[in-house]
Amino acid sequence: MGGSNEYENLREAILDGDREAAVAIGHDAIEAAQDLTEPVGVASGVIREVGDKFGTGELFLPEMVLAAEAMQAFMDVVTPHLESEATEGASARHGKVVIGTVQGDIHSIGKNIVATMLSASGYEVVDLGVNVVPMDAIKAAESGGASIIGLSALMTTSMPYQKEVIDLLDAMNQRDDFWVIIGGGPVTMEYADDINANGWAPDAAAAVQVCDHMLSSKTTPASTNLVYRAAG
Amino acid sequence: MNLDRILDVLDKAHGGPVHKERDFNLGVVAATISAKVEKYGLTNTVDVQNPIGSDDDLADRVYQAGFEAAVEIGLLCSDTNRAITFTSEELQTAIDEAPSEFWLGDGDQRVHFQHRNLDDTTAPVWTVPLSIAVSEDIFVEMVHGLASIGVVDCLEGPSLETIYGRPLRSGSPYEHLAGRYQADLMFEGIRRAGRVGMPMDAIGSSTTHYGLLGGYGVEGGYRPKKDLVTILSIADFWTSYESLFKLTQVQVAGGSHISASTWIMLGGYAGGPEGTAVACVAYSLLMFAVFQGSRAGVPPFDLAYMGNSGRRAQWALSVSNQAMARNTNTVYHSVANQVSGPGTKALLYETLVGMTNMAVTGVTNVVGTRSAGGRLTDYLTPLEHQFGGEIFKAAAGMSREQGNDIINKFIPKYESDLVDPPDGQRFQDLYDVAALKPIPQWQQMYEEVKQEAIEAGLPLD
């Protein structure tokens, strides 16, 4: 394997959401004992393109989910063979995120989009679903060894549960154990700052950038000012 | 309400086909909608240069595609992971049994809802505002101001951000208290406005069923025979016990009328504008079947900017409205989802476009305005609601062609800002709250845009 044709096939496999093809290309690359940095970089570039096109309305959610699943399938094959933890454009796995829609709120699409983009960008994502009780989010992060807790809320009446997660971490002297990123329709950057969240993002692509920024930070969650990215 | 139908829905929610989330979203919803778009020749029929089309055949094909999709998809109950599905015969019976007209309210404030056709002069019904959060200390003043507007027929929101000074938490006992508390504040607001008897939608502050349990059909609360219960399902063919509890509470309290609605995400599992239009029809039909809606409706919501004032969404809104108006005799309702905030001309332009579209495409009732996208506390004022009602009622009776010409004049004024819209200002900044008068700058914007609307052909004077 190697050369632009194989990478074009990989690109097509991801864009088409063809998991089987993506897995086969991954195995071919390993058998050829080639440097896997380049195809991983290609795959990362493709998934960024997919995310951008979703953001501008050129691609729709089903296509993005299938592309992300193909990307994940490819990464699952090649990750154990990567020579270093970090490769250009995308690491094997950036970190682990537990994500959910908070208690009292059963909206899922926004949370699903963010989870999809994080997975496609190299994060290990544990999706807790909807109506997640604050303490359950913390327990899941603890038991799963997550670095980040992502909390979505689509209603003003469920936003207090985002604050509740942070308040519980404070009360249990565990604020430095997890980075907390929040988002959702009525959730503003000012609100995120007010409740001492670590990250806020207006869309899924920005959420990935915020998570990248938080994990590369030299500071701790409790001592870090709000990290945010504007739309676009 | 028909108890046998309620029991049938509950039985289906506990005995219907089992689906996992991913498989339902992709394998059922996305696949079915995509197949219907192809089967009925709807691919690439979107015409963003003419968001309000006049193609009756297209509207009918969207309806047929939506009807078939409704039968094949059903609604997935998130608490049981089972789909509530109907045969074609069951679905058609539910549509036929939905009322073509009904009354709400009391005394001289009674309001008549009736089916509207395309280009119909029948007066539509304007319900305000959406359940946008408002500070507790100005809640009654806000309701007073909204209810004082002559073109306003009914009230839905606003919603409370706090009750008794405490944050209102979804699904908590605070929400249970909020049901009755909101009723008290709403009745006081309409009393001050001199509109006792005005119909209301229950219950804006509580998205879960707890508010309804606490404030509907209880002494001093919302009135089962006079008011409407709003049941909002989750987007894209999901429902839950929350919504089903609301259905059963209407039955238990001896209620008569439900508004069953939700939205379809343009760019979501239904895909582009054509799939979204089909899904809006399918989901609307299921709202009548599952919740026995006296009125029902499912507008699109574009994921690109979380509103529906853009061309793609306006097209999907128009076509799905037309499909329902031409092929059913139901009371259809919808929502204009603006993103710009009060105190900006952009909000008024978005409102003009959305309300004109719905007036000429057979919508009976609109609930609005979604000032500032509903995302900011206190970012709504009575004035944009007055403007929305004036437009809605003035445009009723105009043709689709006239409507299309008008909205094409105004969409260019805001469409480039939809992704990053102006927030505007709060009620407290744009009004003399005690006197319930807009500040001169906001009043002047309203007058200027109203004049533009008149010059564009809307009979507002």
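Let's start on helix α4 of chain B, where B:E89 and B:D96 are exposed on one side. This is a predicted model, and the helix is a friendly place to enter it. What lies on the other face? Helix α4 of chain B spans residues 88-97, and its buried residues are B:L91, B:A94 and B:I95. These three cover an arc of only 100° around the axis, so they sit on the same side of α4(B). As for their surroundings, the buried residues of α4(B) pack against α3 (56-73) and α9 (273-291) of chain B.

Staying in chain B, let's turn to a strand. Strand β5 covers residues 125-128. B:V125 and B:T127 point one way from β5(B), while B:W126 and B:V128 point the other way, and all are buried. Which strands pair with β5(B)? One of them is β19 (residues 365-367) of chain B, which pairs with β5(B) in the parallel sense over three bridges; here B:V125 has B:N365 as its bridge partner. Strand β7 (residues 154-155) of chain B also runs parallel to β5(B) and is joined to it by two bridges, with B:L155 as the bridge partner of B:V128.

From B:W126 we can step across to a helix. B:F392 belongs to helix α12 (residues 382-395) of chain B. Is B:F392 buried or exposed? With 26 other C-beta atoms within 10 Å, B:F392 is buried, because the cut-off for that label is 20 or more. Leaving aside neighbours within four places in sequence, B:F392 is in contact with B:P124, B:W126, B:M355, B:M358, B:A359 and B:V366. Two of these names tie back to the strands just visited: B:W126 lies in β5(B), and B:V366 falls within the residues 365-367 of β19(B). By contrast, B:K226 lies 24 Å from B:F392, C-alpha to C-alpha, and 166 residues away in sequence.

Now for chain A, and a sheet to trace by eye. Six strands form an open sheet in the order β2-β1-β3-β4-β5-β6 (chain A), with parallel pairing. The edges are β2 (124-127) and β6 (227-228) of chain A; each has a single partner strand, so one side of each is left without a neighbour in the sheet. Helix α5 (residues 109-120) of chain A packs on this sheet, touching β1 (96-101), β2, β3 (148-152) and β4 of chain A. The direction of α5(A) makes about 170° with that of β1(A). Further along the order, β4 (residues 179-183) and β5 (residues 199-200) of chain A run parallel and are joined by two bridges. There, A:I181 stands opposite A:G199 in β5(A).

Methods. Residues are numbered from 1 along each chain as its sequence is written. Chains are lettered from A and ligands numbered from 1 in the order in which they are written. This is a predicted model: local features need pLDDT of at least 70, side-chain atom pairs count only at pLDDT 80 or more; totals for chains, interfaces and linings use all residues. Two strands pair if DSSP finds at least two bridges between them. Helices (H or I, at least four residues) and strands (E, at least two) are DSSP runs, numbered from the N terminus. Two residues are in contact if their C-beta atoms, placed from the backbone, lie within 7 Å. Axes are lines fitted to C-alpha atoms, for helices over the stretch in contact, and angles run from 0 to 180 degrees between N-to-C directions. A residue is buried if 20 or more other C-beta atoms lie within 10 Å of its own, exposed if 12 or fewer, and partly exposed in between; C-beta atoms are placed from the backbone. The arc is that of the directions from the helix axis to the C-beta atoms.
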